[in-house]
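The exercises below are meant to be worked with the sequence and the coordinates open side by side. Each task is followed by a solution that proceeds in steps.

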Amino acid sequence: MPELPEVEAARRAIEENCLGKKITKALIADDPKVIDGVSRADFEASLLGKTIVSAHRKGKNLWLRLDSPPFPSFQFGMAGAIYIKGVAVTKYKRSAVKDTDEWPSKYSKLFVELDDGLEFSFTDKRRFARVRLLKDPASVPPISELGPDALLEPMTGDELFESLSKKKIAIKTLLLDQSYISGIGNWVADEVLYQARIHPEQSAASLSKENYGNLHKSIKEVIKKSLEVGADSSQFPSNWIFHSREKKSGKAFVDGRKIDFITVGSRTTAYVPELQKLSGQQAARAGSKQANKRKGHGDGVNDDVNEAASDEEVNGSVQSKKGRKPRGQGKRSSAKRKSIESDDEDNANDSEDDDDDDNDDRHDEDQKNKTRKVTNNKQSKVEKTSKKTVQTSQNSKKKKAK
């Protein structure tokens with residue numbers, strides 16, 4: 001999904017092209033799933049005649065300050081994107097709208113025309129974004145619940161050390177927690193940890209001083225370099241793991257080294273085992289587990305369950321105060337919408353393209369299939385054992401009867 005670099009690139013594009021201009025036309029989609037808490041008519045009326053004063057961002061959220069409240073805010077979700085007609089704005093590939101498509105796009109949720117003729121739109125092909133109209137976006141959820149922004153409010157090395165040394169959870173899980181540090185999502189976390197040579201499952205509290213220093217440096221460098229190229233992923237450094245994250249397992253390499261995929265914090269995670277190794281007690285447990293598997297002790301799956309139980313504090317997911325909802329599609333509306341309104345049928349037709357791009361879903365499904373296979377095997381063994389027990393019991397009864 002769009003992360004800090006993509007959202008910041010959108011904010012900068014609005015800042016460079018739209019400030020000081022008056023809104024002369026506004027079209028809001030009739031889509032209550034995305035347009036949150038305000039009617040289409042009220043939203044449009046609140047924008048008309050207003051001048052855009054500034055553009056702000058925190059984490060993965062963007063909002064526009066007008067010459068008077070309320071102000072529109074955008075939570076990008078999985079595929080939210082800003083488009084300015086005639087202006088190059090970084091396109092996140094899952095949200096990309098082709099230049100040859102109709103304008104405004106049928107996926108547009110908010111369309112605005114300014115007094116100089118410039119037009120911009122917020123689109124969302126997958127309907128996980130949220131567009132709100134708020135008096136003070138920064139003072140209410142979700143923005144008010146965010147931790148310090150990774151770009152605007154970076155921790156010092158000492159602050160990062162002090163903070164991480166108290167967290168007994170997997171370092172990637174912690175980086176994904178927006179209440180801890182905002183703006184870092186799945187691809188940024190993977191890149192940061194690869195550049196810092198830290199295993200994504202390593203407990204934050206167990207990191208060495210060298211690890212802390214490398215992590216602090218890589219967070220700054222990954223964000224800086226991605227923004228230097230306007231978050232255009234085709235221009236990211238060639239030695240970044242990013243370019244191979246969406247290749248299939250066994251075919252993904254970076255600098256000639258194999259990339260493996262695991263699940264950390266409920267997210268598919270790319271890392272390089274050769275360079276990102278567990279350390280301390282976690283390394284010892286991992287080594288013991290592998291040794292047992294080679295000797296044929298246990299069925300492997302039980303080892304995973306036992307390790308997960310013993311490492312609950314290390315690998316547990318961090319939850320926000322209100323909890324997090326599971327990923328997945330919500331209930332779809334039965335009404336068909338036209339023009340800039342939601343077009344669920346087209347979303348469904350585009351799902352194959354989205355699935356090709358969705359590395360997380362692909363690897364998560366592989367993991368589920370493996371789990372199902374193991375579960376079915378276990379059930380089969382239990383059934384066979386149960387049948388043998390019943391048969392033995394029946395034979396015993398017959399002998400006694402004789």
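**Exercise 1.** Against which strands do the buried residues of α2 pack? Establish also which residues of this helix are buried and which are exposed.

*Solution.* The model is a predicted one, and the assignments that follow are computed from it. Begin with the helix itself: in α2, the residues F43, E44, S46 and L47 are buried. These four span an arc of only 160° around the axis, and therefore they lie on the same side of α2. Turning to the other side of α2, one finds A41 and A45 exposed. The partners of the buried residues can now be listed, and they are β1 (23-28), β3, β4, β6 (108-114) and β8. Finally, the residue G49 follows α2 and has a positive phi, near 85°.

**Exercise 2.** Describe the open sheet that contains β8, giving the strand order, the edges and the helices that pack on it.

*Solution.* The first step is the order, which reads β2-β3-β4-β8 in an open sheet of 4 strands with antiparallel pairing. The edge strands are β2 (52-58) and β8 (130-134), each of which pairs on one side only. From one strand to the next, the twist averages 20°.

The second step looks at one pairing in detail: β4 (residues 71-75) and β8 are joined in the antiparallel sense over 5 bridges, and the bridge partner of S73 in β8 is R132.

The third step adds the helices. Helix α1 packs on the sheet by touching β2 and β3 (61-66), and its direction makes about 170° with that of β2. Helix α2 (residues 40-47) also packs on the sheet, where it touches β3, β4 and β8, and its direction makes about 60° with that of β8.

**Exercise 3.** Which residues have the most contacts inside the largest nonpolar core, and which helix gives the most to this core?

*Solution.* The largest nonpolar core has 32 residues, and within it L47, I84 and L110 have the most contacts. Helix α1 (residues 4-17) gives the most to this core, contributing 4 residues. Apart from this core lies another, of 30 residues, which includes I171, I181, W187 and I223.

To see the surroundings of one central residue, leave aside residues up to four places away in sequence: L110 then touches L27, I28, F43, L47, F74, F120, S121, F122 and V131. As background to such groupings, nonpolar side chains tend to be buried together in soluble globular proteins.

**Exercise 4.** Is strand β5 mostly covered or mostly uncovered, and how do its side chains point?

*Solution.* Strand β5 (residues 80-84) is mostly covered, since 5 of its 5 residues are buried, that is, under 20% relative accessible area. Sorting them by direction, G80, I82 and I84 point one way and A81 and Y83 the other way, and all are buried. For the pairing, β5 and β7 (residues 119-124) meet in the antiparallel sense over 5 bridges, and the bridge partner of Y83 in β7 is S121.

**Exercise 5.** What share of the residues of the protein count as buried?

*Solution.* Of its 402 residues, 44% count as buried. The protein exposes about 21100 Å², of which carbon and sulfur atoms supply 48%. Its secondary structure comes to 12 helices and 12 strands. Among the contacts with a separation of 6 or more, 69% are between residues 24 or more positions apart.

Notes: Residues are numbered from 1 along each chain as its sequence is written. This is a predicted model: local features need pLDDT of at least 70, side-chain atom pairs count only at pLDDT 80 or more; totals for chains, interfaces and linings use all residues. Side-chain values use heavy atoms; hydrogens and water are left out. A nonpolar core is a set of buried Ala, Val, Leu, Ile, Met, Phe, Trp, Tyr and Cys residues joined through side-chain atoms within 4.5 Å. Buried means under 20% relative accessible area, exposed over 50%, partly exposed in between (1.4 Å probe, protein chains only). Helices (H or I, at least four residues) and strands (E, at least two) are DSSP runs, numbered from the N terminus. Contact means heavy atoms within 4.5 Å. Two strands pair if DSSP finds at least two bridges between them. Axes are lines fitted to C-alpha atoms, for helices over the stretch in contact, and angles run from 0 to 180 degrees between N-to-C directions. The arc is that of the directions from the helix axis to the C-beta atoms. Accessible areas come from the Shrake-Rupley method with a 1.4 Å probe; for residues, only the protein chains shown count as cover.
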